[in-house]
Amino acid sequence: MALSIKKILISPFIFLVRVYQNLISPYLPASCRYSPTCSQYTIEALKKHGLFKGGLLAIKRIASCNPWGGKGYDPVP
């Protein structure tokens, strides 16, 4: 039962990330400093940790994706 509630809560957010990946990202220059990309990381974090913890991990990752932040391989914990 809890698994289906988790899926219901994260589905709209995953949909929004997929819209970004398919409709917006192809028209922007590649700028993510991490592997996997921040958008893929967000999807994985939401699926693995749920809306709140996964969302916080995604926000932290996106905030650090800048010239003064980190780079390289950074999987979802």
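**Reading a nonpolar patch, a kinked helix and a salt bridge**

Author: In this predicted model, Y20, L23, I24 and L28 form a nonpolar patch on the surface, and together they have about 380 Å² of accessible area.

Reader: Where is I24 found, and is I24 buried or exposed, or something in between?

Author: The general idea is that a residue between 20% and 50% relative accessible area is called partly exposed. In this structure I24 is found in helix α1, which covers residues 2-24, and I24 is partly exposed because its relative accessible area is 41%.

Reader: Before we go on, how many helices and strands are there in the protein chain, and which pattern does the chain follow along the sequence?

Author: The protein chain has two helices and two strands, and, read along the sequence, they follow the pattern α-β-α-β. The C-alpha trace of the chain spans about 40 × 25 × 15 Å along its principal axes, and buried residues make up 26% of its 77 residues.

Reader: What does helix α2 span between its end C-alpha atoms, and where is the kink in α2 centred?

Author: One way to read a helix is to set its span against that of a straight helix, which for 27 residues would be 39 Å at 1.5 Å a residue. Helix α2, residues 38-64, spans only 10 Å between its end C-alpha atoms, and there is a kink of about 135 degrees in α2, centred on G50.

Reader: Which side chain does S39 meet in a polar contact, and is S39 buried or exposed?

Author: A polar contact is read as a pair of N or O atoms within 3.5 Å. Here the side chains of S39 and Q21 are joined by such a contact at 3.1 Å. S39 lies in helix α2, and S39 counts as buried because its relative accessibility is 15%, where the cut-off for buried is under 20%.

Reader: How many salt bridges does the structure hold, and which side chains meet in a salt bridge?

Author: To call a salt bridge, one looks for a side-chain nitrogen of Lys or Arg within 4 Å of a carboxyl oxygen of Asp or Glu. The structure holds one salt bridge, in which the side chains of D74 and R61 meet at 3.6 Å, N to O. D74 lies in the segment after β2 (72-73) and R61 in helix α2, so the pair ties together parts that are 13 residues apart in sequence.

Reader: Which of the words buried, partly exposed and exposed applies to D74, and which to R61?

Author: D74 is partly exposed, with a relative accessible area of 26%, whereas R61, at 2% relative accessibility, counts as buried.

Key. Residues are numbered from 1 along each chain as its sequence is written. This is a predicted model: local features need pLDDT of at least 70, side-chain atom pairs count only at pLDDT 80 or more; totals for chains, interfaces and linings use all residues. Side-chain values use heavy atoms; hydrogens and water are left out. Helices (H or I, at least four residues) and strands (E, at least two) are DSSP runs, numbered from the N terminus. The expected span of a helix is 1.5 Å times one less than its number of residues. The bend at a residue is the angle between axes fitted to the seven residues ending there and the seven starting there. Patches are made of residues with over 30% relative accessible area and no salt bridge: like charges are joined within 9 Å, nonpolar side chains (Val, Leu, Ile, Met, Phe, Trp, Tyr) within 5 Å. Accessible areas come from the Shrake-Rupley method with a 1.4 Å probe; for residues, only the protein chains shown count as cover. Buried means under 20% relative accessible area, exposed over 50%, partly exposed in between (1.4 Å probe, protein chains only). A polar contact is a pair of N or O atoms within 3.5 Å; within protein, one must be able to donate a hydrogen and the other to accept it, and residues adjacent in sequence count only if both atoms are side-chain atoms.
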